[in-house]
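Visitor: Please show me how to read a metal site and a charge patch in a model.

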Amino acid sequence: MYEIWDYIVYSQLMEKSQIQNLQAFLASPKNIVIVPHRNPDGDAMGSTLGLCKYLKNKGHTATVVAPNESPAFLHWLPGFEHVLKFDKQNKQAKRAIDASDLIFLLDFNALHRVGDDMQKTLEGYPHNFAMIDHHQQPDTIATYLYSDTSISSTCQMVYQFIEMLDDITQIDAEIATCLYTGIMTDTGSFRFRSTTSLTHRITADLIDKGAENNKIHNQVYDVNSYGRLLLLGQALTNLKALPAYKTAFITLSEEEKKKYEYQKGDTEGVVNYALSLDGIVFAAIFIEDKEQGIVKISFRSKGAFSVNQFARNHFNGGGHDNASGGRSELNIEETVAYFTSLLPTYQKELQESDEN
Ligand code: 5GP
Ligand code: MN
């Protein structure tokens, strides 16, 4: 069996002194809270629940406190029933945070990613933060930081983190299931560039440890409602391609969402259809959110064109080089007009960005 330290050339590890300090801190039972980003996705829920079970196996008291609800296709994850939602179970969530000795922040790089209310609570937190994340430019709030933008998913990082703690044998079937789920969703089922041989080795080990891969795929991907598929049909009808900029985009209005009984998570992955068009290297989806008074945007790219930079520069967002998100306070038509007006500036970069 390979050792994580053998892969040091491929992926950075947490500083050994930090691991040793954490190991010393965790040598006696502690009270620990684990936090994913707002609107948690498969990687955020998988990594927090996987780490939570690991810490419980080690004798700690551990609680996942999520800023808000996650999509229904993640509710079967082991341990999900114990997750506290900061918006809906505010008192309990605050109590858990107050009682904790350490807070893990997983799958996000800046406190504002938990939303305003929870951010305020976390800003007043008197103890240490530990951050495990694969997004670019992490904030400097964490005493313990494991940050590596080259790793496929936070779930893969949690596996590597547990290995650095010399505890790989502590990974049981439930932890394996959680971590497999996040690796699967964040790699687009093992197809994005971030999927390496190490990702596959770790995934194989998770299957050996009890992750039922076929079942996990079915539980996440084959649970569409009729409305969700019709909403996808609407999204594809709205798809526009701008071949001169190797760009394609999709819009979904609040009215269209209502018509097809939109549920949280229904638009997850839809942007990838725009990116799947032959010859396209840059894709976006604009989703009207009247409740928040914004247009939520997801960006995806292939090759060197950085959507992290694009989202940071123009849409108050960020993420990874090939997958990012942002927001706009203009209405949806104005947002799209603004977006298309930016494209000529990037024409050369887009033309040169490789499809493969
Ligand atoms: P998605 O498009 O799936 O919501 O997000 C893609 C990636 O971009 C995720 O890794 C997510 O964390 C990041 N991301 C999405 N929206 C935002 C945003 O508003 N701000 C920042 N900084 N990152 C975002
Ligand atoms: Mn992630």
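The dialogue below takes up the metal site, then the charge patch.

Guide: This is a predicted model, where local features need pLDDT of at least 70, side-chain atom pairs count only at pLDDT 80 or more, and totals for chains, interfaces and linings use all residues. Residues are numbered from 1 along each chain as its sequence is written, chains are lettered from A and ligands numbered from 1 in the order in which they are written, and side-chain values use heavy atoms, with hydrogens and water left out.

Visitor: Which protein donors does the manganese ion (ligand 2) have?

Guide: Donors are N, O and S atoms within 2.8 Å of the metal (3.2 Å for Na, K and Ca); water is not among the atoms, so sites may look incomplete. Here Asp43 (OD), Asp107 (OD), His134 (NE2) and Asp186 (OD) lie 2.1 to 2.4 Å from the manganese ion (ligand 2). Their spacing along the chain is D-x63-D-x26-H-x51-D. Asp107, in the loop between strand E4 (102-106) and helix H4 (116-123), and Asp186, in helix H6 (residues 173-186), are 79 residues apart; helices (H or I, at least four residues) and strands (E, at least two) are DSSP runs, numbered from the N terminus.

Visitor: Is Asp107 buried or exposed?

Guide: Buried means under 20% relative accessible area, exposed over 50%, partly exposed in between (1.4 Å probe, protein chains only). Asp107 has a relative accessible area of 1%, so Asp107 is buried.

Visitor: Where does Lys264 lie?

Guide: Lys264 is in the loop between helix H10 (254-259) and helix H11 (271-275). Lys264 counts as partly exposed because its relative accessibility is 35%.

Visitor: Which residues gather with Lys264 in a patch of positive charge?

Guide: Patches are made of residues with over 30% relative accessible area and no salt bridge (a side-chain nitrogen of Lys or Arg within 4 Å of a carboxyl oxygen of Asp or Glu); like charges are joined within 9 Å. On this surface, Arg38, Lys88, Arg113, Lys296 and Arg327 gather with Lys264.

Terms used
Patch = residues over 30% accessible without salt bridge, like charges linked within 9 Å, V, L, I, M, F, W, Y side chains within 5 Å. Areas by Shrake-Rupley, 256 points an atom, 1.4 Å probe, with all protein chains shown as cover. Lys, Arg positive; Asp, Glu negative; His and termini not counted. Charge placed at Lys NZ, Arg CZ, Asp CG, Glu CD.
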